[in-house]
Amino acid sequence: MEIQHHFSLKNYNTFGIEAKARQFVAVHSVAELKTVLEQNSSEKKFILGGGSNMLLTKDIDALVIHIDLKGKKIIKEDDDFVWIESQAGENWHEFVLWNIEQNFGGLENMSLIPGNVGTTPVQNIGAYGAEIKDTFVSCDAIHIETQKMRTFTNAECRFGYRESIFKHEAKDQYIITSVVFKLTKRNHKINTSYGDILAELEKKNPEGSGLNPGLKDVSNAVIAIRQSKLPDPKELGNSGSFFKNPIVLKSDFEAIHKKFPEMKFYEVSATEVKVPAGWLIEQAGFKGKRFGDAGIHKNQALVLVNYGNATGQEILAVSKDIQNTVFETFGIKIEAEVNVI
């Protein structure tokens, strides 16, 4: 473990933003992490995972600790289920594919989401009708101040839509070191009802075999859909969906919907509806627009991109412009899903 100074984070964030860390260290085990925390107890710390859910708008005046813990294993199984523990530094998509290869089900709808396993509970990541909370059992985390380990159960994480305890009461207090998932070994719950999955399966299986898909079929369909809409961060800097889909009270939405009858929405409860933020942004005229090297992707209005040398401040300014215009146009507030640093 070597602490480096004035370290460039350009290759450690998927937006490809140039920002410097005052100090930087990568840790590869819980023991190394504890040592770093103990020896630098008075230092301000910034915890870095896969760098996929953040927008750097300035240099980081802190000790940046990159969580690079690797490894995965079966810790328990029976005839129907398997419990898999993954270390926090494992790449999420590679972890999903590994489970599919073992015929372990439950994560396939979340294929190709960028980032590492350790940050998935923080956001309660989700896609195409699935969320982490559906298969999450527990996670181990180390308290930054005391270096004591704690296990958080599913209930203790208080999962919500892109929400968890790690974004509220436990924010900046813990570092997740490993996560346990409970996945199916048979009688998989194949979910093809959300978005374009069924259409993609039917397109690839015109004879109808796609109507009885397996885990790999669903994963491939999700990958194809995401690749058609979302740019590869290695080729075009981005952080996936920049905004959350807003949830609006039905009582408020009725008036909005009368004014904009073509507005898409999904019922999420007896009193609330979810409106696709991408639709709002596109209708507000931002899809495909470019402002210098900052812009909105031509295929997916939810995705802000760095065409090369945009600063975090420039991308942030575009996001604020989008938020203001959407609110002025539709009376709906959209919030950033990405963490702005």
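How much area does the protein expose, and what share of it do carbon and sulfur atoms supply? The protein exposes about 16,400 Å², and carbon and sulfur atoms supply 47% of it; accessible areas come from the Shrake-Rupley method with a 1.4 Å probe, and for residues only the protein chains shown count as cover.

The structure is a predicted model, in which local features need pLDDT of at least 70, side-chain atom pairs count only at pLDDT 80 or more, and totals for chains, interfaces and linings use all residues. Residues are numbered from 1 along each chain as its sequence is written, and side-chain values use heavy atoms, with hydrogens and water left out.

**Figure 1. Overall view of the protein, with nine helices and 20 strands.** Helices (H or I, at least four residues) and strands (E, at least two) are DSSP runs, numbered from the N terminus. The radius of gyration is 21 Å, close to the 20 Å that the globule rule gives for 341 residues, so the protein is as compact as a globular protein of that length. This radius is taken over C-alpha atoms, and the globule rule is 2.2 Å times the number of residues to the power 0.38. The C-alpha trace spans about 60 × 55 × 40 Å along the principal axes. Of the 341 residues, 50% count as buried, meaning under 20% relative accessible area, with exposed over 50% and partly exposed in between (1.4 Å probe, protein chains only). Contacts (heavy atoms within 4.5 Å) between residues at least 6 apart in sequence join residues at least 24 apart in 61% of cases.

**Figure 2. Residues 17-186, listed by UniProt as "domain: FAD-binding PCMH-type" (unreviewed entry).** UniProt positions are given in the numbering used here, feature names are shortened, and annotations may be inferred rather than shown by experiment. Over residues 17-186 the chain is 16% helix and 37% strand. The end C-alpha atoms of this stretch are 43 Å apart.

**Figure 3. Close-up of the residues that UniProt gives as "active site" (unreviewed entry), namely Arg162, Ser241 and Glu337.** They span 176 residues in sequence, yet no two of their C-alpha atoms are more than 11.7 Å apart, so they gather at one spot. Ser241 and Glu337 are 96 residues apart along the chain, and their C-alpha atoms are separated by 7.1 Å.

**Figure 4. Close-up of Arg162, in the loop between α4 (154-157) and β12 (174-184).** Arg162 counts as buried, at 9% relative accessibility. Leaving aside neighbours within four places in sequence, Arg162 is in contact with residues including Gln123, Asn124, Glu131, Lys244 and Glu337.

**Figure 5. Close-up of Glu337, in the loop between α9 and β20 (339-340).** Glu337 has 14% relative accessibility and counts as buried. Not counting residues up to four places away in sequence, Glu337 touches Asn53, Gln123, Arg162, Ser241, Phe242, Phe243 and Lys244.

**Figure 6. Close-up of Ser319, in helix α9 (residues 312-330).** With 2% relative accessibility, Ser319 counts as buried. Phe242, Phe243 and Leu304 are in contact with Ser319, leaving aside its neighbours within four places in sequence.

**Figure 7. Close-up of Gly118, in the loop between α2 (92-101) and α3 (120-123).** Gly118 counts as buried at 6% relative accessibility. Ala88, Ile176 and Val179 are touched by Gly118, not counting residues up to four places away in sequence. Phe286 is 168 residues from Gly118 along the chain, and their C-alpha atoms are separated by 33 Å.
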